[in-house]
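Here are some exercises to work through with the model open in your viewer. Try each one yourself before you read the solution.

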Amino acid sequence: MLARARVRSVSAWLAATALLATGVLLTLAPALAAQEGCQFGSGTRDMNSIEIPGAGRVTYVGSPHFVCSDGVHIWADSAVAYSAQNMSHLLGSVRYLDRTRELRAD
């Protein structure tokens with residue numbers, strides 16, 4: 001019974017975190033894509049961004065597909081960007097593809 005309660009609370013926390021991060025990515029996503037020479041490609045969905053007092057903006061993107069000017073493509077299950085820390089995370093399965101190589105991480 002205790003294990004089920006922990007799973008539910010972790011699932012609820014993850015869902016809330018994903019929603020929060022989604023808000024942040026909507027606001028930061030265009031700036032992040034332009035800054036690195038990348039645009040969002042087909043398949044990108046669920047972009048949200050939120051300003052957290054004292055912590056900065058957090059942006060979440062579901063199923064991001066980045067298409068970069070140098071021919072690089074990057075896919076992930078989701079991505080979260082933290083503006084105050086100038087840091088982004090690709091979450092879940094990630095695929096990197098350029099002209100000469102491919103990297104997959106699960």
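Buried means under 20% relative accessible area, exposed means over 50%, and partly exposed is in between. Keep in mind that this is a predicted model.

**Exercise 1.** Find out which residues form a disulfide, and work out whether Cys-38 is buried or exposed.

*Solution.*
- Start with the count: the structure has one disulfide.
- Its partners are Cys-38 and Cys-68, with sulfur atoms 2.0 Å apart. A cut-off of 2.5 Å applies to such a pair.
- Now place the two ends. Cys-38 belongs to strand 1 (residues 38–40) and Cys-68 to strand 4 (residues 65–68), so the link joins distant parts of the chain, 30 residues apart.
- For the handedness, look at the torsion: the link of Cys-38 and Cys-68 has 95° about the S-S bond and is right-handed.
- Last, check the accessibility. Cys-38 comes out at 9%, so Cys-38 is buried. Cys-68, at 11%, counts as buried as well.

**Exercise 2.** Classify the ring pair of Phe-40 and Phe-66: which kind of pair is it?

*Solution.*
- The count to begin with is one aromatic pair.
- The ring centres of Phe-40 and Phe-66 lie 5.1 Å apart, with the planes at 40°.
- Planes under 30 degrees apart would count as stacked and over 60 as edge-to-face, with the rest tilted. At 40°, the pair of Phe-40 and Phe-66 is therefore tilted.
- Phe-40 sits in strand 1 and Phe-66 in strand 4, so the pair ties together parts 26 residues apart in sequence.
- How covered are the two rings' residues? Phe-66 has 17% relative accessibility, so Phe-66 is buried. Phe-40 has 26%, which means that Phe-40 is partly exposed.

**Exercise 3.** Trace how strand 3 is paired: which strands are its partners, and over how many bridges?

*Solution.*
- Take strand 2 (residues 45–52) to start with: its pairing with strand 3 is antiparallel and runs over seven bridges.
- For a concrete bridge, go to Ile-50, whose partner in strand 3 is Val-58.
- Next, look at the connection. Strands 2 and 3 make a hairpin with three residues between them, and Gly-54 in that turn has a positive phi of about 85°.
- Then turn to strand 5: strand 3 pairs with strand 5 in the antiparallel sense too, over five bridges. Here Gly-62 has Ser-78 in strand 5 as its bridge partner.
- As for cover, strand 3 (residues 56–62) is mostly covered, with seven of its seven residues buried.

**Exercise 4.** Compare the surroundings of Ser-78 and Leu-103: what does each touch, leaving out residues up to four places away in sequence?

*Solution.*
- Ser-78 lies in strand 5 (residues 73–82). Its relative accessible area is 10%, so Ser-78 is buried.
- The contacts of Ser-78 include Tyr-60, Val-61, Gly-62, His-89 and Leu-90.
- Leu-103 has its place in strand 7 (residues 102–105). With a relative accessible area of 55%, Leu-103 is exposed.
- Leu-103 touches Val-94, Arg-95 and Tyr-96.
- For a distance check, use C-alpha atoms: Leu-103 and Ile-74 are 9.6 Å apart in space and 29 residues apart in sequence.

**Exercise 5.** Which ring does the charged end of Arg-95 sit over?

*Solution.*
- The ring is that of Trp-75, and the charged end of Arg-95 is 4.4 Å from its centre.
- Arg-95 came up before, as one of the residues that Leu-103 touches.

Key: Residues numbered from 1 in each chain as written. Predicted model: local features only at pLDDT ≥ 70, side-chain atom pairs only at ≥ 80, totals over all residues. Heavy atoms only, no water. Helix = DSSP H or I, 4+ residues; strand = E, 2+ residues; numbered from the N terminus. Buried < 20%, exposed > 50% of the residue type's maximum accessible area, 1.4 Å probe, protein only. Phe/Tyr/Trp six-rings, centres within 6.5 Å; stacked < 30°, edge-to-face > 60°. Lys NZ or Arg CZ within 6 Å of the ring centre and 35° of its normal. Contact = heavy atoms within 4.5 Å. Pairing = 2+ DSSP bridges.
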